[in-house]
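Q: Could you take a close look at the open and enclosed spaces in this structure, and at the metal site as well? I would like one connected account.

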Amino acid sequence: MERIRILGIETSCDETAAAVVENGTEVLSNVVSSQIKLHAPFGGVVPEIACRAHIQNLPYVVQKALDEARLALDQIEAVAVTHTPGLVGALLIGVNFAKGLSLANGLPLVAVHHLHAHVYSSVMEHRLSYPFICLVVSGGHTSLYLSEHPLHYQLLGTTTDDAAGEAFDKVASLLNLPYPGGPSIEKAARDGNPAAIPFPRTFLQDKERLAFSFSGIKTAVLYHTRGKNASRQAPLASGVSVPDVAASFQEAVVEVLVEKLILAAKKFRVKNIALGGGVACNGRLREKLTCRAREEDLQPYFPSPSFCTDNAAMIAGLGYHLFQKGVLADLTLDASATARRKVRSL
Ligand code: KG4
Ligand code: ZN
């Protein structure tokens, strides 16, 4: 079989990543330089810091990805790069680096949609069969996709305000827990009672609507921990149990995520369901989805944590299919903070 190796580049947010993937599924290298330590003092990603770190690190990350795959650039068929959605300055760094590589080495350029690549991660790792529904749940996104083949991504529903990961990060900050908030909340929740506080589960009862909203629960946590008229900076009210708030918040978010994914699977009569994005690392989310999927006779797939969080292997993997179809970009390729099209099918 012919070996088509794609170099993937990912700089949409705070991970500088490069990877080499063969024939869409064989990951030959997967290098990620995380910026968590740089952003932690600010409690969230600072775009300018992210961009500067991408500029400094990307050349080394790309070289490392080639070295670990034991390949030179002339053994690569194409360069695939994330061009949307994300922080526009951060995306531009990856896009321009990829253009330079393409121009200097005569390599075809492939533009990859970051969220479609998250959906594709489960195919790359678990070879799950089509069609399937994937919930991409991260710091910037909470989106349900139906995928019928590697180049088909139908957006079924998304958040009307905050992303679930953003809510984890903001609630962690309200509880004075360290950034990133997801792992901190999960850890604190282990000692708490998930039924202690009935935080809102927005849209849960609306069985017609494939949509999410997490701004209400954020405000509910603020009121519970500070009282109705206090500012975010006020100290925690006396008697507030951080583990109970963490566990109750996590339970409410997880319940909505799981039930909307199941609802989508039933609506579209699809058996295979998957998760993607950083929040998909959450143990309670995986546990609850496993349990509910069994009850509903659905088959869940969970990418391992390194394929849940931002990585370039998913970009190279999906890039392979675009390349094989001849869907190439040229040197006019631009970056876009928001994705323009809702459905992509080629
Ligand atoms: O996909 P990702 O690495 O970056 C993007 O946002 O694109 O996701 C990061 C998000 C953060 O909001 C982080 O708090 C959340 O994923 N996260 C988690 C967990 N690990 C990371 N949320 C809940 N539980 C976790 N274990
Ligand atoms: Zn992502």
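A: Happy to. Let's start with the largest pocket, where α5 is the element that gives the most to the lining, with five residues. Please keep in mind that this is a predicted model.

The helix α5 spans 164-174, and it is joined by β3 (26-34) and α6 (181-189); each of these three supplies at least two residues of the pocket's lining. The volume of this largest pocket comes to about 1100 Å³. Its lining counts 37 residues, and those closest to the centre are D14, S138, G139, D169 and Y179. In character, the lining divides into 18 polar residues, 12 nonpolar and seven charged. Two domains take part here: domain 1 (5-118 + 308-324) and domain 2 (129-303) each contribute at least three residues to the lining of the largest pocket.

Next come the enclosed spaces. The structure holds two cavities of 30 Å³ or more, and the second largest of them has a volume of about 30 Å³. Its lining is made up of P200, R201, T202, S213, F214, I217, A252, V253 and V256. Helix α8 (residues 242-267) provides the largest share of that lining, namely three residues. Sorted by character, the lining of the second largest cavity has six nonpolar residues, two polar and one charged.

Finally, the metal site. The zinc ion (ligand 2) is coordinated at 2.1 Å by three residues: H114 and H118, each through NE2, and D310 through OD. Along the sequence, the spacing of these donor residues reads H-x3-H-x191-D. How far apart are H114 and H118 in terms of helical turns? Both sit in helix α4 (residues 114-126), and because they are four residues apart there, about one helical turn separates them. Are these two histidines buried or exposed? H114 has a relative accessible area of 3%, so it is buried. H118 is buried too, because its relative accessibility is 0%. The cut-off behind both statements is that buried means under 20% relative accessible area.

To put the pieces side by side: the largest pocket has a lining with residues from both domain 1 and domain 2, the second largest cavity takes the largest share of its lining from helix α8, and the zinc ion (ligand 2) has H114, H118 and D310 as its coordinating residues.

Definitions and conventions: Residues are numbered from 1 along each chain as its sequence is written. Chains are lettered from A and ligands numbered from 1 in the order in which they are written. This is a predicted model: local features need pLDDT of at least 70, side-chain atom pairs count only at pLDDT 80 or more; totals for chains, interfaces and linings use all residues. Side-chain values use heavy atoms; hydrogens and water are left out. On a 1 Å grid over the protein atoms alone, a cavity is a set of points where a 1.4 Å probe fits but cannot get out, and a pocket is an open set with protein on both sides within 12 Å along at least five of seven lines; lining residues have an atom within 4 Å of a point. Grid points are joined across faces, edges and corners, and a volume is the space filled by probe spheres set on the points. Ala, Val, Leu, Ile, Met, Phe, Trp, Tyr, Cys and Pro count as nonpolar, Asp, Glu, Lys and Arg as charged, and the others, Gly among them, as polar. Donors are N, O and S atoms within 2.8 Å of the metal (3.2 Å for Na, K and Ca); water is not among the atoms, so sites may look incomplete. Buried means under 20% relative accessible area, exposed over 50%, partly exposed in between (1.4 Å probe, protein chains only). Domain bounds come from an automatic or database domain assignment.
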